[in-house]
Structure formats: C-alpha cells, structure tokens
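Reader: I should like to go through the enclosed spaces of this structure. May we begin with the cavities?

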Amino acid sequence: MPTPLSGLRVVEIGDRLATAYAGKLLRDAGADVVMVEPPDGHRLRHYRPAGVPPREAESPFFAFLAGGKRSVAAATVPAGLLAAADIVIVGATPDGAEELGVDVDALRTVVTLSDFGWAGPWTDRPATEFTLQAWCGSTASRGEPERPPIAVGGDLGEFVAGSYAAAIGLASHHGGGGRSDLSVLEAMTTSMQVFSWLRKELMLLEVVGRSTEVPSVERAKDGYVGISMATGQQWQDFCAMVECPDLADVPELRFQVGRWEQRDLVRARTADWFAAHTVEEIVELAALFRIPMTAIGNGETLRTMDHFVVRGSFVDHPSGFRAPGPPWRMSETPPLPAALPPRLGDEAPTWPNRESHSGAAGLPLAGVTIVDLTAFWAGPAATHLLAMLGADVIKIESVQRPDGMRFAGGFRADVERWWEYSWVFHGVNSGKESITLDLESDSGRELLGRLVADADVVVENFTPRVMENFGLGYDVLKGFNERIIEVRMPGFGLDGPWRDRVGFAMTMEQLAGLAWITGYPDGLPTAPRGACDPLAGVHAAFLTVAALEHRGRTGLGQLVEVPMIDVVLNASALQVIERDVAGITLTRRGNRGHEFAVQNVYACAGEEQWIAVSVRHNDDWQALKTVLGQPNWAAALDYSTESADTIDAHLAQWFAGRPLNETVETLLAAGIPAAPVVQPPDVIDNPALRARGFFQTVEHPLCGPLPYPRPPMTGDFVRSPAPLLGQHNGEILGGAMGLNAQELERLESEAVIGTWPSGL
C-alpha cells in the first residue's frame, strides 16, 4: 500500500500522551515508528481513567496510540537507533534526555517536547495538562461567575502538542533537518485561548472573568443541544428560528460579548422553545437555517450516529474495540489500517545508518507556494503554521465575502476600517499576503487558475458544495496544475448525511464528546471553546507536508481531506474506547479530571485568586504533607481515590487563607505541579513565554506594533503582520502576474477585486 511517508524512520522517546500521539500520526501516514520504552514499559500501557475498574490487560487507549509501532525497551536509547533515524521526537527535559543518553546536537532532525521548552527559565518546573491550562489562560476564561473557573476535560492540550510535534518534525525533515524546541505551554497558548492579549490591545477593552457562549449548550425536550455562532447573520437567523425576532433588533446582541452581558434575558426568552422541541427536531431545523447546531455526543452515542456509520468513522481495532480511524483521507495514499500495539521490547529495527549532515539553513518550507482559500480559524490556522515555517501563502478573500473572522471580533466605532482589528484574524493570519478575487466571476476564476498553475498547494475549508459551485473542483484545479495538492477541510467530510451542514470548532467539540466531559458535575456540558480549530489546522498542515513528501518522491499531487470532526473524534477517542471495553460512559468531573486522585482549582486569599494543583502520585502527596506542616488530619491518609474527597476538602480550607503567588512558588519548589489561574490577557506577562520570544512584535499599517504569537518552538518566525483586505492586489496581480493599471482598475470597478467589503 503506498503511503505518503514510506521509508521514513521515526524514533519516539517519552511516556507522555503528546509524544505517543505524534508517533501515531506519523505511523498512520506510513512512517516506521519505534518507541523507546523504559524497561518496565510505557506509562500509558497501564493507564486507567478515574471511575473505570482495574483490568489485567494493558490499556486499550495505549493500544489505540501505539498500534503499528515497534518497541525497544532500554534504560538508555541505543546510539545506533538514533544515528539511523530520520526524525527523533524526545518527550523529556534536558536532564531527562541526558539520562536517556540522547545527544540532540548529533541528530539529523529532532523535536524536543517538554512542558515549558528547553530554553527559558522554567525548564524543570513540574506541570500537568491541568496546570498548563491554568498557565495559558484557558481555565480562567470558562465557567459561571458565581462558581470556580473550569478546565477542559480530557487531555486536549496533549493532543494539540502532539500534532504540533508531528507537523514540525516532518516539516523540518522535509526542509533538510534541524532541531525544534517545542513547548507544550506555547502549543496550548496558541489554541486553548483566543489570543486575548491581542483582543485587549485591538479592542481597547479589559478581558477579565469567565463566561460561556450564549447560547451554547441548552436543554432540549429529550437531551442537550449544542449551538455555535460566529456571525451576526447567524444570530439573526437563530432569533427567527426560536421565534424571538425582536432579539435580532437589539444591536448589542449581535456579538457574543453583548449576549453574555444579557445572558439572563436571552436564556429566559429561549428556554421554553428549546424545552418544547427534541434534539433531532432542533438540529434538523437549524440545518435549514444554516446555523451550526448539534446533538451533544458522548462515548455511548457517538458510534451509532448515522453520519459516522455511513462514513466508517469508527473502525474495528485488532485489540478488540471500536475506535476512530485516522482523521484524513488522501486520494493517492490512504492511511495505514489499525494494528496491534507492540509487546514491550519485541522488535528492535535493523535500520542501516543514514549519512550524517549538519542540517539545513533557513525555514523548512521556503520555496513552497500555497493558495489559501480558508476562513475563520481552522483553515487559517493551517496556512498560518505553513507560513510561519517558510511557505509563501497567498490568502484569497473577496469584497463580497471577506474572511468572516474579520467581523467576529466585535465592533470599534472609533476607527474607519473596524474589520481590520479582529484579534482572532490577526492571531492566525500573520505572515500571509492578501488578494481579493470574486470566484463567482469568470475573471476571478481565470486569475485563480493562473495562481494555481504556479502553486504547490491549495487549502480551503468551505462546506463541500462551495468549490464545486464555483466550478473549481479538484479535477479543474488539476487542469491548471497536474501536480497540485488540494487540502480540503470540510467540517463533516466530503460525503455522508451531514456533509453540507455548517459547523465551527465548538460544534465539533459539542458533538464529539469534549463538551460532555467538560463542565461542573452538576451542570451543563461545556464546550472547550474553539481549541479544536487550531487542532484541526495543525493536522491539515501536517498532512500538507506529508503530501509534499509523497509528491517529492513520485511527482504526484493528490486530494487531501481533513474533516474537523474526524480530528476531534481522535482527541476524544478515550471515551468511545472505554465505553466499548468497560461499558462505562466517562462524564464531567469538574476540575478533578480523569487521571489523578487529587486535583482541583482552589480559592486563595483575596478576590478571584485561584490556584490549580495536581497531586499526581504518592511522592507528591508526601511532599504536600510537608508543605502543609504534617497536619494531624493527613497523617494516616494514604494517597488513593478513596481518600481524595477528604484531602480535597482540607486543601480547600488551607488554600483559602494563603496568598496565591507565594503559595504557587512554594508548591513548585516542593515538586508539586501548581499554577495561578491566569486571566487570558495577562498571559502576555508570563516570564517564560517572554524569555523564549513567544510574542514577536511586528508593525501593522493600521493597528501599530502588535505582539503576534509564533509557533510553539523557539526561533524568529513572524515575518509580517496580518494583511489588510486586498492589501497585495497590486503587488501580486499587477506585479507577479503582470496585469497593468487599466486592467486592475477594470477589475476593481467590476468588484472582482477591491479593498473594501461590499455593503460597508
């Protein structure tokens, strides 16, 4: 079976989920992946989420992540294995890598993956997914004001970091090699909060306090329905659908901020309508109105949903359970089928050595040209990462329909071109050039064809019908350029009953189970709030480079399909797997999570001073007892699930009288993962992010100097600010493509191109 990564050799080192998922992506795309495990085995071999009875067999979740890989069991990594590898992914701190015998400077292509990165002041700080969510500003943004802030359930940040490791490692290999120092905190900061420091800068307002979307998850007659709206038009259509047309006339309610401020009004006016309709009725009606709505899925319901059955989204794993398949389809190189995990140390490879070299200079995707037809967050996140890695990205919008994210950030009455100030647009569009083309016109399509003829990749994230309606299906693009790679990112896929439904990241999070396990135990499911947009985007970037690798060997372009829902199903795979194997539906545990017995967000002294703490094991518990002063109540308590409630209650009392920052430092010094629950705008003051150069300031022509995020690895990547609408029409259409001034004037008079949205 041909694969995009045939012949690629990968060594995966480390016992965290992120390294395992990076290895899974590379293996499923055809790489030969070898796990180096400690002599007693990978930590995830024995993983069991809270609430699931012990089992004698190895973890089925491990089988899902490790299927098809090989295993070497050793206290140190064999030098010959490293010398023969094309890509090495090291999930360890510098000290940990040294103990494993890994000299990263001697490796051809290496990604080091750790909580805070190898450079910077926090290299050795203890952390967990839970405390990193607090550091990155995610936790503080979510929840009801009268209750504690709430973290995302599951291990979404680990999946984000793992997808970055796979994409960056493969891109680095494609560009000739090199070392990438990846920080999980930075990966989560780019995805698990919505660039709130830019929001504060661009919208001239404070962004403080937690909230949920209004509306978001609502109680229907027979269950829960999830709602996600990003545009003012969708709000107006929603008001018509729920028979409250007068709400559409309230200007403040066009934007999410205004709806949150008047949440009691909106909830009171719509509650009866939701209660009178079934989930199926609501979802079907919403599809007619083109409003993103969905049933709230979980481990029990997902596998039987008709769309997933028709598309074969879940496959029979040879380890004896159902699980999501790889989240992509490629016309020339399908992913490898599911396979058994390796037995511990069962198969040492006999790879011959590769020729050594000193690595490549410059950015790895320099010379790659991408035509970017994406909008909102997921698609632009894909092309943003590709641009940061050196590709020339030409973003195409139209004056009739600019990228909707330009309008999703609120309204500023003090500036003329207010649509140029959206913080989300800025966060995922730096480093690109912008032209406008009306693809419903003959001239617009002809010009697009000329761009495609000289490009390597076309990326789009419309619903499936849009490109065909433009007359620009994949066969037409191949007519412009036989070697073109088209990456399509439909929400629900190119076929199946839901192919034409509208869906944003929160729609997928609500549908795929992430909302089900996020929220207060006695409350509604809560969407993680968009993190799956960049998660899907990084997957699409990874598959773009995989397709480039395949074309480099064979000369063949191909069609790549990366549905967001399939990506999110992989991130929530644990729920389906445990339901299938153990018959248990994992559900919301608030901030307690599903991995550690003791974990929570606690109120410290003062107003809105919250601390996030994970007690991972008995060693942490013993250290914590010392910090607490060996209180009598703790003396006879073992660290266990049975004692967790008692420990949690006493900790809540102890933290209530303690100053936040001093207490965080005390716990960290004792080796216990802890973090302040940071307000999203304040992430910009994080000393580790600043020391590592995560915020890279670039001058924008209207907004002035702005601190743009780079990819989650050290280096200088932000070459230019987010572009103005049509900013490069003259440079690209009149320069590189040779149109003269009269032709450009004609195109602008016909609204084929322009720099001002129609109707404004």
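Reader: Which element gives the most to the lining of the largest cavity?

Author: In this predicted model, the largest cavity has a volume of about 340 Å³. The elements that supply two or more of its lining residues are α5 (129-136) and α22 (573-582). With 3 residues, the element that gives the most to this lining is α5.

Reader: Which residues lie nearest the centre of the largest cavity?

Author: By class, the lining of this cavity consists of 13 nonpolar, 11 polar and 4 charged residues. It has 28 residues in total, and those nearest the centre are Gly153, Gly154, Asp155, Gly593 and His594.

Reader: Which element gives the most to the lining of the second largest cavity?

Author: About 140 Å³ of space lies in the second largest cavity. Among the 16 residues that line this cavity, Tyr164, Thr190, Ala381, His384 and Val428 are the closest to its centre. At least two lining residues come from each of α14 (378-388) and α20 (532-554). The element that gives the most, with 4 residues, is α14.

Reader: How many residues of each class line the second largest pocket?

Author: The second largest pocket has a volume of about 1,000 Å³. It is lined by 38 residues, and the closest to its centre are Asp15, Arg16, Arg43, Asp115 and Arg616. The elements β2 (32-37), α4 (94-99) and β5 (109-114) each contribute at least two lining residues. By class, the lining has 16 nonpolar, 9 polar and 13 charged residues.

Note on methods
Residues are numbered from 1 along each chain as its sequence is written. This is a predicted model: local features need pLDDT of at least 70, side-chain atom pairs count only at pLDDT 80 or more; totals for chains, interfaces and linings use all residues. Side-chain values use heavy atoms; hydrogens and water are left out. On a 1 Å grid over the protein atoms alone, a cavity is a set of points where a 1.4 Å probe fits but cannot get out, and a pocket is an open set with protein on both sides within 12 Å along at least five of seven lines; lining residues have an atom within 4 Å of a point. Grid points are joined across faces, edges and corners, and a volume is the space filled by probe spheres set on the points. Ala, Val, Leu, Ile, Met, Phe, Trp, Tyr, Cys and Pro count as nonpolar, Asp, Glu, Lys and Arg as charged, and the others, Gly among them, as polar.
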